[in-house]
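Please look over the sequence and the model shown below before reading on. The report that follows moves from single residues to the fold as a whole and back again.

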Amino acid sequence: MASIKIPFNFDGGKLQTTSDPSTIANQKIIDVLMTQKFERVMRHNYGAGAQTLLFDNLEESDSLVFSDFKVDAIQDINENVSRVQVVDMYMSNTVTSRVFGSDETTYNINVVYRLPLGSPQVVRVNVASEYTVNEDTPI
């Protein structure tokens, strides 16, 4: 079954699609993580709302804020993404992209998931943290 490839691109006058199960699962997991609750019409329970972490201090490695988010997000992903089982989720601040010119402004949310009869895979979502950005930060 083909799915629309994100970001949207046109190839030969047609919208690009993908049939790769891993790519489809990655896109769906990112969609759930980055969608806020009550953002979807008629699906008010859809989404995990990773943007809620933007204004929290996540510097501690054993952050209770992320632990609470993790429990809810894993449940939300498992409920809303078919044919995917989330095994674990962890956060790191080692990223390949630099937002606002600093490595300290971006966090990685790493989701370890498994497709049916497949080995565990990881999807990484970069979330820009506004906690370390202030009026003196160059943009």
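Is asparagine 110 buried or exposed? Asparagine 110 has a relative accessible area of 2%, and because buried means under 20%, asparagine 110 counts as buried. This residue is found in strand S6, and, when residues up to four places away in sequence are not counted, asparagine 110 touches Asp88, Met89, Tyr90, Ser92, Val122, Val123 and Arg124. It should be said early that the structure is a predicted model.

**The protein as a whole**

The secondary structure comes to two helices and seven strands, and, read along the sequence, these elements follow the pattern β-β-β-β-α-α-β-β-β. Of the 139 residues of the protein, 33% count as buried. The protein exposes about 8900 Å², and carbon and sulfur atoms supply 53% of that area. Among the contacts with a separation of 6 or more, 41% are made by residues 24 or more positions apart.

**Helix H2 and its two sides**

Helix H2 covers residues 64-80. Its 17 residues, at 1.5 Å a residue, should span 24 Å, and the C-alpha atoms at its ends are 24 Å apart, which agrees with that expectation. Which residues of H2 are buried? They are Phe66, Phe69, Ala73, Ile74, Asp76 and Ile77. These residues cover an arc of only 170° around the axis, and therefore they lie on the same side of H2. A general rule helps in reading such a pattern: an α-helix has 3.6 residues a turn, so residues three or four places apart point the same way. On the other side of H2, Leu64, Asp68, Val71 and Glu79 are exposed. The cover over the buried residues of H2 includes helix H1 (21-34), strand S5 (85-92) and strand S6 (106-114).

**Charged pairs**

Side chains of opposite charge can pair when their charged atoms come close. A search of the whole structure finds three salt bridges, and the table gives the N to O distance for each pair.

| Acidic residue | Basic residue | N to O distance |
|---|---|---|
| Aspartate 31 | Arginine 40 | 2.9 Å |
| Aspartate 76 | Lysine 37 | 3.1 Å |
| Aspartate 88 | Lysine 70 | 2.9 Å |

In the pair of aspartate 31 and arginine 40, aspartate 31 is partly exposed, with a relative accessible area of 29%, and arginine 40 is also partly exposed, with a value of 32%.

What does the salt bridge between aspartate 76 and lysine 37 tie together? Aspartate 76 lies in helix H2 and lysine 37 in the loop between H1 and H2, so the pair ties together parts that are 39 residues apart in sequence. Aspartate 76 is buried, with a relative accessible area of 9%, whereas lysine 37 is partly exposed, with 34%. Leaving out residues up to four places away in sequence, aspartate 76 touches Val32, Lys37, Gly47 and Ala48.

The side chains of lysine 70 and aspartate 88 also meet in a salt bridge. Lysine 70 lies in helix H2 and aspartate 88 in strand S5, so this pair ties together parts that are 18 residues apart in sequence. Lysine 70 counts as partly exposed, at 26% relative accessibility, and aspartate 88 is partly exposed as well, at 29%. Aspartate 88 has already appeared in this report, as one of the residues that asparagine 110 touches.

**A buried residue in a loop**

Where is valine 84 found? Valine 84 is found in the loop between H2 and S5, and this residue is buried, with a relative accessible area of 9%. Leaving aside neighbours within four places in sequence, valine 84 is in contact with Ala25, Ile29, Asn78, Tyr113, Arg114 and Leu115. The C-alpha atoms of valine 84 and lysine 28 are separated by 9.6 Å, although these two residues are 56 residues apart along the chain.

**A nonpolar patch on the surface**

The last feature is found on the surface, where Ile4, Ile6, Phe8, Phe10 and Leu15 form a nonpolar patch with about 540 Å² of accessible area together. One of these residues, isoleucine 4, is found in strand S1 (residues 3-4), and isoleucine 4 is partly exposed, with a relative accessible area of 40%.

Methods. Residues numbered from 1 in each chain as written. Predicted model: local features only at pLDDT ≥ 70, side-chain atom pairs only at ≥ 80, totals over all residues. Heavy atoms only, no water. Patch = residues over 30% accessible without salt bridge, like charges linked within 9 Å, V, L, I, M, F, W, Y side chains within 5 Å. Areas by Shrake-Rupley, 256 points an atom, 1.4 Å probe, with all protein chains shown as cover. Salt bridge = Lys/Arg side-chain N within 4 Å of Asp/Glu carboxyl O. Helix = DSSP H or I, 4+ residues; strand = E, 2+ residues; numbered from the N terminus. Buried < 20%, exposed > 50% of the residue type's maximum accessible area, 1.4 Å probe, protein only. Expected span 1.5 Å × (residues − 1). Arc of directions from axis to C-beta. Contact = heavy atoms within 4.5 Å.
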